[in-house]
Amino acid sequence: MDNKTFLGKVSKLTGRTVAETGQLSDALMTVLADCVTAGREVVLPGVGRFYPVLEEETVVVDRTTGKRLLLPPEAIVRFECAPSLVNKLKEARHNG
């Protein structure tokens, strides 16, 4: 589902305009980014949790040149799906 379709469905369910829904979506993404950047996890009940992970620096070998490269540490965001959402997805798959 693309962003336009997503915003359209959410706006119908909430009774808000697509523009208002877009602003709320942008605000949610800003808060998520700010929290994870600050090293905190964000839990959305019924959806899951977003949390930061710092991957260690690693040495890799370039396949074309054979040179060893040092990749610096990298902060990434992981997502863990809520069990209730996983169960809903399983039920939907079984029900057709």
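This report walks through the two helices, then several strand residues and a surface patch, in a predicted model.

**Helix α1**

Helix α1 takes in residues 3-14, 12 residues in total. At 1.5 Å a residue, α1 should span 16 Å. Its end C-alpha atoms are 16 Å apart, which agrees. The buried residues of α1 are L7, G8 and S11. Those residues cover an arc of only 105° around the axis, so they sit on the same side of α1. Their packing partner is α2, residues 18-37. After α1 comes G15, which has a positive phi near 75°.

S11 is worth a second look. S11 is part of helix α1. Its relative accessibility is 7%, and buried means under 20%, so S11 counts as buried. Apart from neighbours within four places in sequence, S11 contacts R16, T17, V18 and T21. Of these, T21 is itself listed among the buried residues of α2.

**Helix α2**

Helix α2 has 20 residues. From first C-alpha to last, α2 reaches 28 Å, close to the 28 Å expected at 1.5 Å a residue. Its buried residues are T21, G22, S25, L32, C35 and V36. Seen down the axis, they fall within an arc of 160°, so they line one face of the helix. The other side of α2 carries exposed residues: A19, Q23, D26, D34 and T37.

What covers the buried residues of α2? The cover includes helix α1 and three strands: β1 (42-44), β2 (48-55) and β5 (74-81). The contact between the helices thus appears from either end, because the buried residues of α1 pack against α2 and α1 is part of the cover over the buried residues of α2. Just after α2, G39 takes a positive phi of about 90°.

**Strand residues**

Three strand residues can be set side by side.

| Residue | Strand | Relative accessible area | State |
|---|---|---|---|
| L54 | β2 | 62% | exposed |
| T58 | β3 (residues 58-61) | 38% | partly exposed |
| L69 | β4 (residues 68-71) | 42% | partly exposed |

L54 is found in strand β2. The state of L54 follows from its value: exposed means over 50%, and L54 has a relative accessible area of 62%. Not counting residues up to four places away in sequence, L54 touches P73, E74 and A75. E74 and A75 fall in the range of β5 (74-81). L54 and L70 are 16 residues apart along the chain, and their C-alpha atoms are separated by 16 Å.

T58 belongs to strand β3. With a relative accessible area of 38%, T58 is partly exposed. Leaving out residues up to four places away in sequence, T58 touches L69, L70 and L71. These contacts fall in the range of β4 (residues 68-71). T58 and P72 are 14 residues apart along the chain, with their C-alpha atoms separated by 6.9 Å.

**Nonpolar surface patch**

Which residues make the nonpolar surface patch? V60, L69 and L71 do, and the patch is about 220 Å². L69 lies in strand β4. At 42% relative accessible area, L69 is partly exposed. A patch residue needs over 30%, so L69 meets that cut-off. Two of the patch residues, L69 and L71, are also touched by T58.

Definitions and conventions: Residues numbered from 1 in each chain as written. Predicted model: local features only at pLDDT ≥ 70, side-chain atom pairs only at ≥ 80, totals over all residues. Heavy atoms only, no water. Helix = DSSP H or I, 4+ residues; strand = E, 2+ residues; numbered from the N terminus. Expected span 1.5 Å × (residues − 1). Buried < 20%, exposed > 50% of the residue type's maximum accessible area, 1.4 Å probe, protein only. Arc of directions from axis to C-beta. Contact = heavy atoms within 4.5 Å. Patch = residues over 30% accessible without salt bridge, like charges linked within 9 Å, V, L, I, M, F, W, Y side chains within 5 Å. Areas by Shrake-Rupley, 256 points an atom, 1.4 Å probe, with all protein chains shown as cover. Salt bridge = Lys/Arg side-chain N within 4 Å of Asp/Glu carboxyl O.
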